[in-house]
Amino acid sequence: MSLANTKESYGWGAIALHWIAAFGVIAMFITGFQAGLAEQANDKAARGALMGLHISIGATLFVFFAARIALHYSQVQPAKPKQAPWLNTLSSVVQNLLLLGLLIQLISGPLAVWSGGRAINAFELFSLPSPFAERNNDIHEAAETAHLVGRVLIFFTLALHVLGALKHLMLDRDGAFQRMLWPAKLTK
Ligand code: HEM
């Protein structure tokens, strides 16, 4: 079983972490945006419940998100598909910015909770106490701003990333999409 990447193929490690991170980010977007809508509707109970869910999922998947970033930069990456060089450059830029957005969220999210003087509570199963003795408004505001930047960055780069993947699946049909489903060699 090929756990690590090769120059021809992604390994099971990268494939598993890619899909865990993909569904995890979607869950974070849904719960985060719903919490934003609840706030606009002045529904404090729903806002609290949705933020609790958002923070619980984020804390539970934190290690997987972090491993996804670390593994991307610590392993060899398979060769880029055969297409115009500018498209391969664009795909690398988009991928790096997407992972940067994820890193920003992984730092700013927990910081936003802790700087509010609260512990991170995940599904009442485990709790990560705040390193701050009391609320720190400056850090809290900086963390919220960074969290906004991170989600805008992820939103646009994720859209481009998905469009690129669909282009390979439906137009190019070059096996590039399937490389993220199972370890295999390029078919073209
Ligand atoms: C992994 C990618 C993540 C995405 C895409 C994401 C997305 C979002 C979104 C869309 C909101 C908006 C809520 C609103 O409009 O009020 C939000 C808020 C928030 N998120 Fe995340 N989040 C992520 C990771 C995390 C993590 C790991 C934590 C903590 C464990 C966290 C904690 C928070 C907190 C405390 C807020 C409220 C403060 C704020 O509005 O900035 N987030 N997030």
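The chain has four helices and two strands, in a model that is predicted. Read from the N terminus, the order of these elements is α-α-α-β-β-α. The chain holds 188 residues, of which 21% count as buried. Its C-alpha trace spans about 55 × 35 × 25 Å along the principal axes. Among the contacts with a separation of 6 or more, 67% are between residues 24 or more positions apart.

A starting point is helix α1, which covers residues 12–40. A21 lies in this helix. A21 counts as buried because it has 21 C-beta neighbours inside 10 Å, and the cut-off for a buried residue is 20 or more. Leaving aside residues up to four places away in sequence, A21 touches F64, F65 and R68. A21 and L100 are 79 residues apart along the chain, and their C-alpha atoms are separated by 13 Å.

A21 also belongs to the largest nonpolar core, a set of eleven residues. The other members are Y10, A14, L17, V25, M28, L61, F65, L98, L102 and I154. Helices α1, α2 and α3 each supply at least two residues of this core. The greatest share comes from α1, with five residues. Another core, of seven residues, lies apart from this one, and its members include I55, A59, V113 and A143. Y10, a member of the largest core, touches N5, I15, P78, R179, M180 and P183 when residues up to four places away in sequence are not counted.

Next comes the packing of α2 on α3. Two packed helices are described by the angle between their axes and the distance between the axes. For α2 and α3, the axes come within 10 Å and cross at roughly 145°. The crossing of α2 and α3 is left-handed. On the α2 side, the residues of the contact are I55, G58, F62, F65, A66, I69 and H72. On the α3 side, they are L99, L102, L103, L106, G109 and V113. The residues of this contact divide into ten nonpolar, three polar and no charged. Some of these residues have appeared already: F65 and L102 are in the largest nonpolar core, while I55 and V113 are in the other core.

The ligand has 26 residues around it, and M28, G32, G36, G58 and G109 come nearest. Two or more residues of the shell come from each of α1, α2, α3 (85–114) and α4 (137–172). Helix α1 gives the most to the shell, with eight residues. By type, the shell divides into 16 nonpolar, seven polar and three charged residues. M28 is also part of the largest nonpolar core, and G58 and G109 also take part in the contact of α2 with α3.

In helix α4, L160 can serve as an example. L160 is partly exposed because 16 other C-beta atoms lie within 10 Å, which falls between the cut-offs of 12 or fewer for exposed and 20 or more for buried. L160 and L98 are 62 residues apart in sequence and 9.8 Å apart in space, C-alpha to C-alpha. L98 is one of the residues of the largest nonpolar core.

The strands and loops remain. F126 is found in strand β2, residues 126–128. With 11 other C-beta atoms within 10 Å, F126 is exposed. The C-alpha atoms of F126 and A59 are separated by 9.3 Å, although these residues are 67 apart along the chain. A59 is a member of the seven-residue core.

Two loop residues deserve a look at their backbone angles. Most residues other than glycine have a negative phi. N42, in the loop between α1 and α2 (44–74), has a positive phi, near 60°. F123 also has a positive phi, near 50°, and is in the loop between β1 (120–122) and β2. N42 counts as exposed because it has 8 C-beta neighbours inside 10 Å. F123 is exposed too, with 12 other C-beta atoms within 10 Å; this meets the cut-off of 12 or fewer.

How values were computed
Residues are numbered from 1 along each chain as its sequence is written. This is a predicted model: local features need pLDDT of at least 70, side-chain atom pairs count only at pLDDT 80 or more; totals for chains, interfaces and linings use all residues. Two residues are in contact if their C-beta atoms, placed from the backbone, lie within 7 Å. A residue is near a molecule or strand if its C-beta atom, placed from the backbone, lies within 6 Å of it. Ala, Val, Leu, Ile, Met, Phe, Trp, Tyr, Cys and Pro count as nonpolar, Asp, Glu, Lys and Arg as charged, and the others, Gly among them, as polar. A nonpolar core is a set of buried Ala, Val, Leu, Ile, Met, Phe, Trp, Tyr and Cys residues joined through C-beta atoms within 7 Å. Axes are lines fitted to C-alpha atoms, for helices over the stretch in contact, and angles run from 0 to 180 degrees between N-to-C directions. A crossing is left-handed if the near helix is turned anticlockwise from the far one by less than a right angle, and right-handed if clockwise.
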